[in-house]
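Reader: Hey, can you walk me through this one? I'd like to talk about strands and then about how the chains touch.

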Amino acid sequence: MMKGNKMKEYTEVIHNVETDEITYRPYTNEEIKQAQELAKLGAQRAVDDEAKANAKLALLDKLGITAEEAAVLLS
Amino acid sequence: MFTTGQILTAAQMQSLQQTAMGGGSATAKTVSYVLVAADAGTTVAMNAAGSTTITVNTSLFAAGDVVFIQNLGAGATTITAGTATVTTSGSLVLAQNQGGKLYFTSASAAIFFQFATPASSGDIEGVTAGVGISGGGTSGTVTITNSMATTIDAKGDLIAGTGADTFSKLTIGADATVLTADSAEATGMKWAAPSGGGQSYSLISTTNTNSGSTVTVSSLSSYKNIIMVFNNVSCDTNNNYHYVKINGSSTALDYKQVFTTISTPSTYGTAILSGSSGFNSGNSSGITVSYNGSATSTTLSGYFMIENAQNTGVKSCFYVSKAGAATNAESYTGMAMFGGAAVSSISIQIGSGAFQSGSLLLYGSTT
């Protein structure tokens, strides 16, 4: 546990509202592992979003309309 | 001393009966007196209008000697230990017409056995009802009644004081009313509809979210209801979900997102829901409250509220967020249930990178 020094990734910042003291606790190995799993979720989400966007562009190109025109169609 | 060879005459026997056995003429005293050896086997009778004493000294009597003492006068007679010790289980102070036997266990110690006092002194001559009681009497069987109890006529009646040693009945009020102090009432209180109450939140703390992958606010055990406000919170890494954790629990079953609506930058503000999810099976990462999409500048605003936070059972949570305008950023609104222990801390957590700006504002109510 550290006091007064900011730490970045894989650190928990704890603010005790009774004492108004702020401490910095490094993640445990288990917590780092869990955080890395969460990071994978975000990364996969990014990959999926990009694939979805590319598919959308391909479809618009195939239809010969813009995204705005597609939005009008769907409204 | 009666010795061998002596003959006991009738006169001597009569004297013995009259004196040594406590009968016959007693030695009359009218002033305080100090016992002498010759008093052994006799009765010393005090008869004085004022208080007197009978003093007992050592080396006058032998073990087994007896002196009868009686008080005939109006003044109290006190048996006083002079140089000898005198003990008793009764009283050494004799009122008029009281008496007893002084028995010597040695030349220097005696025990006074007091005759029982007249039984009439303990008789109950009457029973008088005091405050809060009625009835009583001076002869035969008497009945006393608790007046407070008989003042009660119906379910819910209360006995209330109206002043010193006085009381009256306060009839139960209407359903859902509460007992309220009111000095204008004779009893000082009345049944009235409840007023005020409810939750009153105050700002507990402000915590910067400019470092760390988890920011926790702790020592919340005194707050019944808690609101955590996300004030433009951002992190230095994109594609991050924001999770709220309670008590640092990583138990999936502690977190049940009952219903969540998800909106994107193109839909929020227009009440169009781009997605939603129903009751989930729990998430060890906590309760998901937003996604920052593809820009680290995406800021999270909104709040997370938990009610009855100090209950040991399941607690309800409500959350609403608005993520920034980055592509694919998501804002969440929904309800969740936290099944863990009473709340002592709340955290916001990301999976990668660290928080870089913004703050958490904690509001709490103790009612």
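Author: Sure, we'll take a sheet in chain B and then the contact between chains A and B; keep in mind that this is a predicted model.

Reader: OK, what's the strand order in the open sheet of chain B?

Author: The order is E1-E3-E5-E9-E10-E7, so to speak six strands in an open sheet with mixed pairing.

Reader: And which strands stand at the edges?

Author: Those are E1 (27–29) and E7 (85–87) of chain B. Each has a single partner strand, so one side of each lacks a neighbour in the sheet.

Reader: How many degrees are neighbouring strands turned against each other?

Author: On average 25°, with direction ignored.

Reader: Back to E1(B): in what sense does it pair with E3, parallel or antiparallel?

Author: Parallel, over three bridges, with E3 of chain B covering residues 43–46. Within that pair, Ala28(B) sits opposite Ala45(B).

Reader: Switching topic: how many residues does each chain put into the contact?

Author: Chain B gives 25 residues and chain A gives 24. On the chain B side, E18 (202–208) and E19 (214–218) each supply at least two residues. The largest share there is from E19(B), with five residues.

Reader: What about polar, nonpolar and charged on that side of chain B?

Author: It has 18 polar residues, seven nonpolar and no charged ones.

Reader: Which strand of chain A is joined to E19(B)?

Author: That's E2 (residues 11–16) of chain A, running parallel to E19(B) and joined to it by five bridges. For instance, Val13(A) has Val215(B) as its bridge partner.

Key:
Residues numbered from 1 in each chain as written. Chains lettered and ligands numbered in written order. Predicted model: local features only at pLDDT ≥ 70, side-chain atom pairs only at ≥ 80, totals over all residues. Pairing = 2+ DSSP bridges. Helix = DSSP H or I, 4+ residues; strand = E, 2+ residues; numbered from the N terminus. Axes fitted to C-alpha atoms, helices over the stretch in contact; angles between N-to-C directions. Contact = placed C-beta atoms within 7 Å. Nonpolar A, V, L, I, M, F, W, Y, C, P; charged D, E, K, R; others polar.
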